[in-house]
Amino acid sequence: MPTKVFISYAHESVELSNNVLEFSNLLRSKGIDSEIDQYEEAPAEGWPKWMMRQIQKADFVIVCCSKLFYERANDFSGSDDGLGVKWETSLILQQLYGLSTNNTKFIPVIFDSHNRPHIPLPLQPYTYYQLDDESSKERLINRLHGTSKSKRPPLGEKPAERLIDELEQKERKSMFISSIIDVDLWNEAKWSGMAFVSDPSLKSPPIACFMFANEEAGEKIFKALKENFGVFDTKDEMRLSFIENISSSAPRDYKVHFGSSRDVLADKLGQYGMEKDSSLLVTFSRFHEMNPPSDPSSLTVFKHSFSHFKTFYITNLITKNGQIQPSFSNLIQKNKISFRTKSEVIKDKNDEDYVVFGTYEKT
């Protein structure tokens with residue numbers, strides 16, 4: 001029986017659809033039973049059932065990663081746009097979760113290097129293939145055929161045993177590095193402060209705005225965050241905390257700490273087959289000290305608004321027509337936030353916010 005393949009992609013452009021058709025035709029010419037929607041005019045069972053049947057019957061599902069596919073895969077808005085891709089994506093993700101980390105069915109591909117950032121997060125841990133690279137394309141075809149040019153050589157004979165003193169077994173740890181902070185881009189942006197937008201009439205949730213000396217770089221930071229997490233950070237992967245009472249001489253001063261949630265990253269260790277107790281978790285975060293000139297500070301107003309709505313938004317500040325305003329296109333909604341005091345943080349050196357004080361400060 002020939003290998004059966006289903007190709008999933010977004011109808012982003014005529015060029016992309018033509019590339020998919022050409023690639024599928026190539027696979028069929030190589031003896032691989034490739035299936036795409038362009039071969040069907042109007043399936044009798046309807047497109048949703050047709051797509052479900054193709055994904056279930058296929059030996060391999062090739063996912064063509066593009067900008068539009070990535071956006072649809074991360075769209076939790078409930079919009080009717082791109083329902084086909086959203087439906088295929090939900091089916092693929094459901095099967096991926098069922099496979100845990102043992103994925104041998106879903107294969108990400110890109111047509112050129114520009115689409116490498118558009119590989120959806122659940123597929124990023126797995127081998128991808130670049131189809132404008134002939135050697136990469138050939139490796140993919142060999143994989144679909146179940147053949148490989150990289151063959152293990154036979155084992156040689158076992159050498160004669162000799163007695164040696166047993167060495168004490170050393171503890172081995174795996175290292176897991178993950179962060180929402182693009183260090184180079186944050187260095188370029190130069191985080192300079194915070195601003196808050198709160199509705200006195202309490203008709204809409206408040207907005208916590210990040211100010212950057214380089215507004216263009218700041219816009220890139222939050223555009224990338226929204227592409228990764230969507231309009232709503234449902235898993236609270238981004239952690240934002242405000243630590244107050246940091247100085248007896250300046251009681252209004254506070255620190256802001258932003259980065260990845262340690263609890264969420266710890267959960268990801270299990271997803272990648274790593275043990276929490278025997279793994280080293282490395283992440284990066286950023287913090288900034290605020291020195292409000294008056295009382296009550298805007299943070300106090302923000303806290304009052306958040307206590308009413310139990311939700312808020314984060315984004316960056318931009319200058320538009322000479323006026324400073326939130327970048328509404330980058331708004332990300334969150335439900336979780338931490339309001340803390342210095343005394344709470346410094347009593348435990350393992351506290352997530354302990355880093356904002358460091359060893360150089362008197363505690």
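**Cores, strand pairing and backbone outliers in a predicted model**

The structure holds zero disulfides. The model is a predicted one. In general, a disulfide is a covalent bond between the sulfur atoms of two cysteines. For C65, the closest cysteine sulfur belongs to C64 and lies 7.5 Å away, too far for a bond. A disulfide would require the two sulfur atoms to be within 2.5 Å. C65 is buried, and its relative accessible area is 3%. C209 is also a buried cysteine, with a relative accessible area of 1%.

The chain comprises 363 residues, and 42% of them are buried. Its secondary structure consists of 10 helices and 16 strands. The accessible surface amounts to about 21,500 Å². Carbon and sulfur atoms account for 50% of that surface. Contacts were also examined by separation along the sequence. Of those between residues at least 6 apart, 66% join residues at least 24 apart.

In soluble globular proteins, nonpolar side chains tend to be buried together. Here the largest nonpolar core has 30 residues. Within this core, M194, F210, L225, L240, F242, F258 and I314 touch the most other members. Both helices and strands contribute. The helices α6 (183-189), α7 (215-229) and α9 (298-309) each supply at least two residues. So do the strands β7, β8, β9 (238-244), β10 (254-260) and β13. The largest share comes from α7, with five residues. A second core, separate from this one, contains 20 residues. Y9, F60, L140 and L144 are among them.

M194 illustrates the packing of the larger core. Neighbours within four places in sequence are set aside here. M194 is then in contact with A208, C209, F210 and M211. Its further contacts are F242, V256 and M290. Two of these partners, F210 and F242, are listed with M194 among the core residues that touch the most other members. C209, another partner of M194, is the buried cysteine at 1% relative accessible area.

Strand β13 (312-320) pairs with several other strands. With β8 (207-212), β13 runs parallel, and four bridges join the two. F210 stands opposite N316 of β13. The pairing with β15 (residues 332-334) is antiparallel and has three bridges. There, I314 has I332 as its bridge partner. I314 is also one of the core residues with the most contacts to other members. The pairing of β13 with β14 (323-326) is likewise described by four bridges, and these strands run antiparallel. I318 stands opposite Q325 in β14. β13 and β14 form a hairpin, with two residues between them.

Most residues other than glycine have a negative phi. Two residues depart from this pattern. N321, in the turn of the β13–β14 hairpin, has a positive phi of about 55°. N321 is not a glycine. At 75% relative accessibility, N321 counts as exposed, since the threshold for exposed is over 50%. L202 also has a positive phi, near 55°, and is a residue other than glycine. L202 sits in the loop between β7 (191-197) and β8. With a relative accessibility of 25%, L202 counts as partly exposed.

Conventions
Residues numbered from 1 in each chain as written. Predicted model: local features only at pLDDT ≥ 70, side-chain atom pairs only at ≥ 80, totals over all residues. Heavy atoms only, no water. Buried < 20%, exposed > 50% of the residue type's maximum accessible area, 1.4 Å probe, protein only. Core = buried A, V, L, I, M, F, W, Y, C linked by side-chain atoms within 4.5 Å. Contact = heavy atoms within 4.5 Å. Areas by Shrake-Rupley, 256 points an atom, 1.4 Å probe, with all protein chains shown as cover. Pairing = 2+ DSSP bridges.
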